[in-house]
Structures are given as structure tokens and as C-alpha cells.
Amino acid sequence: MKISAQQKVETRRAILEAAVDLIIENGFRATSMRAVARSAGVGDATIYNYFPTKEALLYGYYLDAIEYAVEAMEQVEEFGEFDVREKQQVFFETILEGFLGDREFVEQTFPSVFFHPLPVDKGIKAIRKRFIAVLESHFQAAVESGEMPELILKELVFHFIWDFFIAVTLYWLKDDSEQFSNTSVFIDKSMDLGYTMLRSGVLDKATGLGLVPVQVPRAQPGRHDHGAPRRLPTYQAGVSQQ
């Protein structure tokens, strides 16, 4: 019997939801692929058609979080009219809002995925590639509209934003302020400074003067509501709603 594309999507989601629940309850090491399969209602062999290893479950969760954020942004009224800074802030905050229901899971797994890449190396590369593709679309729209100049060191800028996203997520995981207001301020102030510099061309001028080394970093795993111009309505993009 042939399985439809929608059924595959639903099965994938069920597997990830089961994995999130079990990892929160038992921890990553104590959670087996067999237990995830049974909790998701799929065969012991079927789960490997979707996720070849237990580590792939983690990568799948974070890749889906980006996809859900993109879907949510597409439904925001007049999102295309936002400037690049606003788009980036909405992108970051939508991902974090998606993590909210699975905060315990993210707290357990985020450092392992983004700081100590697990054996499935292509998993973190896929997450980073998708993240950068979203950035690129926002920046390209800004250049085409005349909002900001073409960036000479575009790859370097995207690398910095990727690292900044990792830092923001770690900050958010430790943030105990009401409605994570400290994280909102952190994002807002940092982006104000960063995008002011980008629009003014300071980075490119510094490069021209030899103040910034022109060495684009290799693509590799990441190392390391106050003031929001426009916020999305709460969007729980996490694969498991607690």
C-alpha cells in the first residue's frame, strides 16, 4: 500500500513528538529508537526510514523548527513590507516561541547539537544551510528594495548571525524574567547596533581599510516585549505541545 506524502509528514511529526516526550521524561541516553517507535505507533523498522539514527531525531527537530518558523512568517500580514532588521527579529522570536512548549527538551539537547556535533555531521550542516537560506532571502529583498547596500562579506555576516542565534537561544534558556523580556531586550539592542552598522556600510569600509581580515569562515557547526518593532502572535512551532 502506497503511503501519501501527507501520511509521511504526519508519521514524521508523530515520531518527533514521541521522541521529544520520551527524552524529556527519560533523557537522551535512556531513550531508545524502539521506545520512540512504539510511542509513535510505528513499526520498529519503519522509524529508520525517517530517522536512521537516534541523533537524527535531534537534527530533525531543529530543522523542522526553522521550517515551522518560515511557515508562520509567511502568514504574517504585510511581512514583505518589513525591513530586514524586523524580519530577522521576527525570525528569531518565532523560533524561540516554537521552542517554548518543548523548553525542557531544548535545554537538554541544544548544546549537544550546536556545540558538540553528534556523529551525523550532515545534520547540523542541513540546519545551518536552511537557516542561512532564510537570512539570504531577507537580505536579498533588502538589497533589491534599496534598503541596504550589497554586502561584500555576505558569508561572514551570515556566519555572525548564525552564531548570534545560538547565543540568543542559550541566553533564552537561562532567562527567568517575566515573558522572557530580558531576551527580547537582548535581541532588540543587539540587532539595533548590528543592522545600523550593516546599513551604513561600516563593515565593508573597515575591510577596505584592512581593519577586518577578509577571510570567510568555512561552513561548520556553530561554536559557540520590550522594543520589538513588530511581534508575531504566539506561534507554538515546537513539535510537541506540552
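**Burial.** I looked up burial first: 48% of the 242 residues of the chain count as buried. I note that the model is predicted.

**Elements.** I then listed the secondary structure. The chain holds 10 helices and zero strands. Read from the N terminus, the order of elements is α-α-α-α-α-α-α-α-α-α.

**Helix α1, length.** I checked the span of α1, which covers residues 5-26. With 22 residues at 1.5 Å a residue, helix α1 should span 32 Å, and the distance I found between its end C-alpha atoms is 31 Å, so the two agree. Just after α1 I found G27 with a positive phi of about 90°.

**Helix α1, burial.** Which residues of α1 are buried? I recorded T11, I15, L16, A18, A19, V20, L22, I23 and I24. I next looked for what covers these buried residues, and the cover includes α2 (33-40), α3 (47-50), α4 (54-74) and α6 (103-114).

**α1 against α2.** I took α2 from that list and looked up how it packs on α1. The angle between α1 and α2 is about 120°, and their axes lie 8 Å apart. Because of that angle, I entered α1 as oblique to α2. The crossing of the two is right-handed. On the α1 side, the contact is made by A14, I15, A18, A19 and L22; on the α2 side, by A35, V36, S39 and A40. Sorted by class, the residues of this contact are eight nonpolar, one polar and no charged. I cross-checked with the burial list: I15, A18, A19 and L22 of α1 are buried, and these residues also take part in the contact with α2.

**α8 against α9.** I moved on to helix α8 (residues 154-174) and helix α9 (residues 181-200). How are α8 and α9 packed, at what angle and how far apart are their axes? The angle is about 165° and the axes are 10 Å apart. An angle over 145 degrees counts as roughly antiparallel, so I entered α8 as roughly antiparallel to α9. The crossing of α8 and α9 is right-handed. From α8, I listed V157, I161, F164, A167, V168, Y171 and W172 as contact residues. From α9, I listed N182, T183, F186, I187, S190, M191, Y195 and L198. By class, the contact of α8 with α9 comes to 12 nonpolar, three polar and no charged residues.

**Closing entry.** I noted for both pairs that the contact has no charged residues, α1 with α2 and α8 with α9.

Key
Residues numbered from 1 in each chain as written. Predicted model: local features only at pLDDT ≥ 70, side-chain atom pairs only at ≥ 80, totals over all residues. Heavy atoms only, no water. Helix = DSSP H or I, 4+ residues; strand = E, 2+ residues; numbered from the N terminus. Expected span 1.5 Å × (residues − 1). Buried < 20%, exposed > 50% of the residue type's maximum accessible area, 1.4 Å probe, protein only. Contact = heavy atoms within 4.5 Å. Axes fitted to C-alpha atoms, helices over the stretch in contact; angles between N-to-C directions. Parallel < 35°, antiparallel > 145°, perpendicular 65-115°, else oblique. Left-handed = near helix turned anticlockwise from the far one by under 90°. Nonpolar A, V, L, I, M, F, W, Y, C, P; charged D, E, K, R; others polar.
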